[in-house]
Every structure is written in C-alpha cells, then in structure tokens.
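I am opening a notebook on this structure, with entries in the order in which I looked things up.

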Amino acid sequence: MASASYHISNLLEKMTSSDKDFRFMATNDLMSELQKDSIKLDDDSERKVVKMILKLLEDKNGEVQNLAVKWQGGLLVNFHPSILSCLLPQLTSPRLAVRKRTIIALGHLVMSCGNLVFVDLIEHLLSELSRNDSMSTTRTYIQCIAAISRQAGHRIGEYLEKIIPLVVKFCSVDDDELREYCIQAFESFVRRCPKEVYPHVPTVIGICLKYLTYDPNYNYDDEDEDENAMDADGADEDYQGSDDEYSDDDDMSWKVRRAAAKCLDAVVSTRHEMLPEFYRTVSPALIARFKEREENVKADVFHAYLSLLKQTRPAQSWLCDPDAMEQGETPLTMLQSQVPMVVKALHKQLKEKSVKTRQCCFNMLTELVNVLPGALTQHVPVLIPGIIFSLNDKSSSSNLKIDALSCLYVILCNHQPQVFHPHVQALVPPVVACVGDPFYKITSEALLVTQQLVKVIRPLDQGDSFDASPYINDLFCCTIKRLKAADIDQEVKERAISCMGQIICNLGDSLGPDLPGTLQIFLERLKNEITRLTTVKALTLIAGSPLKIDLRPILGEAVPILASFLRKNQRALKLSTLAALDILVQSYSDSVTPAMIDAVLAELPLLISESDMHVSQMAISFLTTLARVHPDSLSKISGSILSELITLVRSPLLQGGALSAMLDFFQALVATGTASLGYMDLLRMLTGPVYAQSAALTHKQSYYSIAKCVAALTRACPKEGPAVVGQFIQDVKNSRSTDLIRLLALLSLGEVGHHMDLSGQPELKTVILDAFSSASEEVKSAASYALGSISVGNLPEYLPFVLQEISGQPKRQYLLLHSLKEIISSASVAGLKPYVESVWTLLLKHCECTEEGTRNVVAECLGKLTLIDPETLLPRLKGYLLSGSSYARSSVVTAVKFTISDHPQTIDPLLKNSLVTFNSAAHNKPSLIRDLLDTVLPHLYNETKVRKELIREVEMGPFKHTVDDGLDIRKAAFECMYTLLDSCLDRLDIFEFLNHVEDGLKDHYDIKMLTFLMLARLSTLCPSAVLQRLDRLVEPLRATCTTKVKANSVKQEFEKQDELKRSAMRAVVALLTIPEAEKSPLMSEFQSQISSNPELAAIFDSIQRDSSTANMESMDTS
C-alpha cells in the first residue's frame, strides 16, 4: 500500500514536468494504476489527484488536455453507481423539495451514465411503480420518469412498452396531481421518443381528449357564465384548508386540462403523417374548448390549435396540386369546413376583458388566413367589430394593439377588396388613431395596415363603384404627418414613405394641391442615405400607376440622383433604381430630357458584366425601353456600353432571363435605324471575332448566344434574311472555313430557320448532311441541332426528310436522332400531330439498340412524344415494359422520366397507373407518388446497400484497382431519398430512413457528400428523431474528419478529403443547432476534439460564420 502511494506521488510530481511527453506518460500511467482494484487512495491523495486533473484540463498541450478530459469522464463514471445508490432513497424523502432536487440530479446523471447504471435506475422505478405503495411516491416516480425522458429520451425508448401501460393505468386514479404528472410524462415521451411511442399515440390522444374537458366543478351548460354555479363535490383529498367552504383555490383540475392541451400540442407538432386524423378528432375538440374558463389553460388550447395550423402549412405545395385536391378530404378541405366553428368560438372572445385571450385570438386568425387565404370571406362582418374593439380599448396593452393590427393586415392582404367595403367607415378612424400613436411600433404596424387599406378602398386592377372620397383626407393627413417628421424611428420613416407612395399611386388624382408638396418631401428622402432605397421603390410604384400621376416637378432633380445610385455598392439599391428608371422612361418619355438620359447612360457600362447577371439583365431591359421610347438617344451607346454588351454576349454564363433581355435589346436597337448601328454593323460586331480568328472564343456556349442574337436581328429585319442565310451556307461549304466558323454558321442557320421558313434554299439539306461527316465533334452536333431547328420552321418539308435519313443512314443515326429530339421538343403540338404515328414506329425500331447513347436519345424522344397524345401513347409505352429485351425495358423507363415535367400536363392522371421514374416524379410532381411510397420505398432502400457481387478488381499494369459497378445505382437511390425529404416527408418512417442515411455515411465519397447534406436537412426538419440517433451518427462523422490521406497521394485525393471534411463539418454545425445536441457525451467529446485540432477548429469556425452570414443575408433580401 505504501509503495503504491509512493508510486502515485512520484507520478503526480512528473505530471508537473515542463516536458509535455513526461506529463502525457505520467498521466497515462496514473490512469492505468487507478483502474486496478488493488489501489485504494486515502483522502489526502485523492484530493491531490483531483486537483492535478483539474490543472491538466488547462494544459497548453492538446494531447495532455484530451487525456485529462477522458480521464475525468472515466473517474466520474466509476462513481456513477454510488451516486445512483445515494440518490434513489431520496425519492421517498418526506420533504418534497428534496425529492424535486433528486429528480433534477437524476436527470443530469442519465445523460452521461453507463448503460448498466441506467438499466438499474429504470428497473428500480418500474418495480416501485408496480408496487404502488403510496400515491405520494407514485407521483414522484412518474415525475422522475418524465424528467429522464426529457433529458435522455434516446435511451428510455426501449422501455416504453413497459412504462406506458403503467402510466395509462395511473391516469384513471382519481388524483388530479397524479393525472397531471402522467400526462406530462406522455408529452415528454411524444417529444423525445417519437418512434417507440408511435403505437401508443392513439391511446395518448384518447386520454388527452378525455381530460381536456375534465372540469368536474363547473357547469358549462349555464351560458350566463355564473361564477357561483359550482358544486363542491370534487374537493381535492389533499386539501387541508381551514375554510369549510369549497373555494376555487382547491380546484386542481385546471392543471390536468393544461397538461392535456400541452400534450396534444406535442402530438400535433411531431406527427405530420396523422394530419387528416387530427382534423377529424383533435381539431373539433380543441375548438370546443376555446370557451375554457381558466386563462392559462385557454392559452395552451389556443397554442395547440396554432400548432395544428402550422403543421398544415408546409404541406401546401402538394395540397394545392390539382391532382391532390381530387383525393377527397385533404387537411385543407377539412380545415375549410371547420372555419365557421372556429369563427363562432372566437368572435365572442375578441371582446373579453383578458388581454392574453384576445392576443391568442389574433394569432389564431392570422395563422388561419396564412394557411387558407380567403377563408374568412363570409365571416368578416362578425370579426371586424372585435378587431376595432381592441384598437379603441383604452385598457389594451401596446402588444395587443400590435397583434390586432398585424392580424387586420394579414386579413386585408388575403381577401378580395369588396369584402371590406361595407366596413371601411368603421375601420378608418381607429387605424388613423393608431398611426398617430406615440409608441413607434404601433405607428409602424398601423402604417402597413393603412397602405393595405388604400388598396382596398380603391383597387386599381378592377373597375369599382366604391366611393373612396370621404376617407382620402383622413388617410393622407395621418400619413403626411409621419412622413414629415424627421425625429422618428427608422422603420416608421420607411413605412410612412411606402404608405404615402401607395396613397399617391391609388388616390393621387384626388390629392389636388397637396401632391407637389408631398413629391418634394420624397425628393428630400431620396437624398438621405437611410431612406433612399424605400423612396426609390415608392417612386417606382407611383410611376407605374395607371392614374398617370404628374411627376414632372421632381423629375429634373430626381433622375440625376437616381443615376448616381447606380454607382453605389448596395446591390438592392442598384436593382431598384434600374427598375425605377425603366418605368420613369416608359411613363414620362416626353418629360425625360437628353441630359437626364446621358447621366444614366454614363453609369451603365460598369453594370453590364457577367459578374452579376441580374443587374446586367435590368440594365439591358432599361436600354431596350430606351430604344423603344427614345430611339434618338441610342446613338450615344456605340462606345463603351456596346462593347460591354458584345463582351457579355460572348460570356459562357449568359442564359435565361439575361439572354432573353439581350435578344429583345438587339431587336429594339436594330429597329431604331440609328446610324452605324444598322443590321450589318451589328452582325459584324457579333460575328467579327469568329471570322477574324484573332481572338478565338474559348467557350462553346458563346457560339450559341451569338447565333441567337443573329437570329433575333434577322427576325427584326426579314428583308436581310435570304442574303445572310446564303452567306452562312457558303461558310459551311467553304473548305477554307475553320471549324469555329462552320460551328457559328450552322448554329445561326438553326436559330434563323427555327422562326423563318428556309425551304427556299435548295442547297441547305445537302450542306448540313455533309457537315455530319466533319472531323470536329462540335460541328457535327451543331449540324444536328441546325437540322432539327430548321425543320421546326417548316415541318412538312423537313420532317419526312429527317425520318427518311434516319432509316437510310445507320452511321449518322445518333446525330439524326438528336435532330429529331430537337423537332419534338420545340415544334407545336398541332404541327406534330399528323406525324406522330410514323415517328413512333421509327423510334420503336431503335429502342433496342445496343449503343446506350442512342437508346437514351430514343427514350427522350419517346417520352416527349408521349406528351403530345398521352391517351393513346402511354398505354402503348406501358405495354413495352413486358418486352423480352432489357434494353427496350430500360428505354421505356427512361421515356417515362421525360414525361414528368414540373408543369401540369394532361398526362398526369394517366401516369399514376404506370411505373414512375422516381426521382423525377418526387422532384417535379410529388402528388404522383405519395400514395405509392409504401410499396416503392422498400425497393428504394434496398438499392442503397453495397452489393459485393458488383465490386470487381481491375489490373492496371502492376497495380490492382477496385471498381464498384453498383455505385451509380446507389447514388441514384440516395438522390431519390434526398428529394423525398423535401416533398414527401410526412409519408416517411424517419427512423427507417435514418438507418440508411447512417449506412451512407460510411460509403463512397459521392454518397458521403449526399448523406452529409441529408443530415443537415434532417436536423431542421425532424430534430427529435435525429437527436435519438445522435450517438450512432456522430461516429462516422468523426471518422471522416479524422481520416488522414497517405503522404504520397495525388493532389486530387487531398482536395477530395478536404471537401469531405468541410461537408462533414457542415453536418456537425447543423446537428449542433438541435437544442440539447451537445448534451450527448459522444457529441461533446467530438466537439472538444474539434476545438483541440487547429485544422478542424478553423474549418468549424468558418462554417459557423458562413451559416450566420447566410441567415443575415436571407433576412436582408427578404
């Protein structure tokens, strides 16, 4: 013993050494010594050891620190059994405060104790509950189980089968406190053990609905709300008051009702898949309880109903789908039918004394209208007086007024204006009074309502008979007062500007002499950095008003100020300013002087660049407007603006909206007939570099953009067409032309031919077919695109020719099929109808081709052709699924994928019956597959497994290389899973889903990347389920982050590993957003590992920063 204590003091001395290796080794040795059973420390040595460990926790060396952390955990773990044995007897202490603290201590213990200790604790609680010695201890044990479930839900799940029947049994004991604790326990099970509690949810709902109405001491039949109409039978047995009379203070039943409401809230929030069931059973019960007499309970009943509404909201994307609406009772249709019951229950409460109740009513109405816009159309007359009551009530708190105003705002936004016309007279005075309120938050909210009211009393988009004149003065005066005030809150300033903008836009013709003065104030606000963005938006609104408001008094000063904004760094300001200038030039073309336009044009060259396509698009749209209304001003753009535009045309990034804007601009420009900017001049500028061969364009996309611009110019000047087409044909024929000239000429022919009939060019067919033999792949594909595109311009002439060539030229088949795909994708349905049969027959001949590329094109053609006549063609397509050839079957499946697009099509109802290509459907049309998920998911999950038989070894010289042929199908399966998270979450068993995500975390690089994304997504969508599995998910993440690449690996390996680490870290950051995630021992250990490793810590910090700035930006843009 003495030698042992000497040995330990020796080690303690070494632990203070300046050499980190000494400290590490001594700590390690001491750990192994103390784990021997023979060692028993006296108090003094124990104190020294503990002191030393605490000191090492702050050691400069990370490895020593880690060891100390590990050891401290280990030391405490050794004490867990003794801690437990001390705590358990305290649960039966005569003092309730001691029991309460014991429960808290046990809650903390179960988060980190070993499994054996946990099992002991649960077994003890279960045996004590079964014995049920006294009500008092039973209550404590139930509370203890609820606390354990809250702190360590992921561990208690497997015992629920034994626990729940006991808790259900105790619910029927006549003891209100015990009932409350039992229902609270249910709530914690529902929130923390979603999978294990699943079979018991109907029981829990049944108990909650029963006790939601449990009020034995009150008779609700007396509608006179007589407070004394109570019978004193249900006195609580624990009541020890001296008063013989029964008083309300003894009544504990409200706690049971509150627990039931909270538990229903938990059920509704966590079980998306039961929504229809909730609307059948839970919703009517909650609505019936809005009359609850106890204010706290009523607030919880309202909150539970709010949760139900919120659950109905995210599912809207598929609920609004016309297919889904046919399926009878969706949650939205059920809610729609219950709206009258909700309004009936709420409208009395809107005039209650209680502020809290009224606030709950407003929150409820707001959420209801957000979920079901237009839901209150029939009920506005009963609700408006209630809202006005709160706005006028002197006893209303400021928060209540704000809630009433925001509720009114949402109702005004989501219903037709006519609904409110009978109530305008009652609404305007209280709203105007709120605009004048001294508290800035009320003013700000009231200005939003005023802005919406203006749209209601005079909607510009519909001829209306409502007379707005009596209200104009009131609305204008209250707003102008706020608009003039300089010393008010920023938000009020901005909303006053927006509100006045709306007043001028909708009522400007009735303002008379007040208008010019108000516009001058706008000019002042435009010069102020804080209010300029809001003012620009307000001016845009006014300039676009159909009332043609006279802005001439301020145009001269405003336009140069707006031009200067185009120099600023604030992107939102640039975009809003370009929109404002565009509409000003359109609406006030006669008042905009050349000098004003020059000021704007001077700023444009810097805005037109590929670095920000949206700003470029707006700038180009402005130029197009200018070309249409001020053609003479365009002579000034020939310098830097035009060169920037031509540079942008050559950018590989030009596409979508920016490209369409560019095409519109060239058509508008050539139509102005400006000198030196005629058709041929512009054509030379666009095609010059390709012909000059001086600066070859590196990216192929540039040629497509140039060709589209050439076609746009040619459409605007049809007289020039034949000559230019002839020139392009010569360019393709000319043997001296480079491949790039041929490429551009062919693409231009295709684009021009798409819109103009080129059948008058006799050489065209042979020239294009000759180009199919070119040595350059680019020229071949351009020729195939050109042939398809030209055919669209004249189907009777070219389509039979293409079909004949496909049959007669097997070597050129692939290119010709691409031409056919172009025809099917772009031609009009009516034009194609006569040829469907011949095309279909031809395609079927080729769907068994051994060449995969050809099969894919054939499949795409089949899919897109099916959309033209789905009734006849889809059953045929389905028939080929029984074909003996696997090639034919795969072509059909791929074809079905191309029949699913994100627009409603006549084929959608028919597709339901055929096999669905999964990811495409889940992505674009979730309603097609929602009901098939139960049968399809097992097959999908099956494809996520690594199959040994598909892994083969390839010898490459002296090296052996393994190839996994199953990787592509696994990747596709995981992609489907990711897509399902967005569209069909409520139909998935999340725990089954997580099992496969867990396997994916240990799979190949590509699949790991996908599963990391899924984890991040799941952390926000269903945090409680992820929390239960956290320990199993952390391990693969840690393995990824700590893997080292071999030193002699290639650069790509290092880059791959870095990317994996970053992606894994993103998942970790997302997991840490789940409340209580860091309580998991494995997670907290991993966190300390990250912080002690400089490389991982740096990645972790940068990702956290990125996620916080991303959140800020999303708030900005919104």
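Before anything else I fixed my terms: helices (H or I, at least four residues) and strands (E, at least two) are DSSP runs, numbered from the N terminus. I note that this is a predicted model, in which local features need pLDDT of at least 70 and side-chain atom pairs count only at pLDDT 80 or more, while totals for chains, interfaces and linings use all residues. Residues are numbered from 1 along each chain as its sequence is written, and side-chain values use heavy atoms, with hydrogens and water left out.

**Entry: a loop residue.** I looked up Lys 548, which is placed in the loop between helix H26 (532-543) and helix H27 (552-565). Lys 548 is not a glycine, yet has a positive phi of about 50°. Its relative accessibility is 63%, so I count Lys 548 as exposed (over 50%; buried is under 20% and partly exposed in between, with a 1.4 Å probe and protein chains only).

**Entry: the whole chain.** For the protein chain I find 57 helices and two strands, and of its 1118 residues 51% count as buried. Taking a contact as heavy atoms within 4.5 Å, I note that among the contacts in the chain with a separation of 6 or more, 71% are between residues 24 or more positions apart.

**Entry: one helix.** What span should helix H23 have at 1.5 Å a residue? The expected span is 1.5 Å times one less than the number of residues. For the 16 residues of H23 (residues 469-484) this should come to 22 Å, and the end C-alpha atoms are 23 Å apart, which agrees. Among the buried residues of H23 I list Tyr 471, Leu 475, Phe 476 and Arg 482. The buried residues of this helix pack against helix H21 (424-435), helix H22 (440-457), helix H24 (490-507) and helix H25 (514-526).

**Entry: cores.** I take a nonpolar core as a set of buried Ala, Val, Leu, Ile, Met, Phe, Trp, Tyr and Cys residues joined through side-chain atoms within 4.5 Å. The largest one has 288 residues, and those with the most contacts inside it include Phe 290, Tyr 305 and Leu 604. Apart from it lies another core, of 50 residues, with Phe 991 and Ile 1090 among them. Leaving out residues up to four places away in sequence, Tyr 305 touches several residues, including Leu 286, Phe 290 and Met 364.

**Entry: rings.** Rings of Phe, Tyr and Trp (its six-membered ring) pair if their centres lie within 6.5 Å, and planes under 30 degrees apart count as stacked, over 60 as edge-to-face and the rest as tilted. I find seven such aromatic pairs in the structure. Phe 290 and Phe 302 form a tilted one, 4.8 Å centre to centre with 40° between the planes. Phe 290 lies in the loop between helix H13 (275-288) and helix H14 (295-312) and Phe 302 in helix H14, so the pair ties together parts 12 residues apart in sequence. Both Phe 290 and Phe 302 are buried, and ring pairs link them with Tyr 305 into a cluster.

The rings of Tyr 704 and Tyr 785 have centres 5.9 Å apart and planes at 70°, so I class this pair as edge-to-face. Tyr 704 lies in helix H34 (residues 700-716) and Tyr 785 in helix H38 (residues 777-793), so this pair ties together parts 81 residues apart in sequence. Tyr 704 is partly exposed at 26% relative accessibility, whereas Tyr 785 is buried at 16%.
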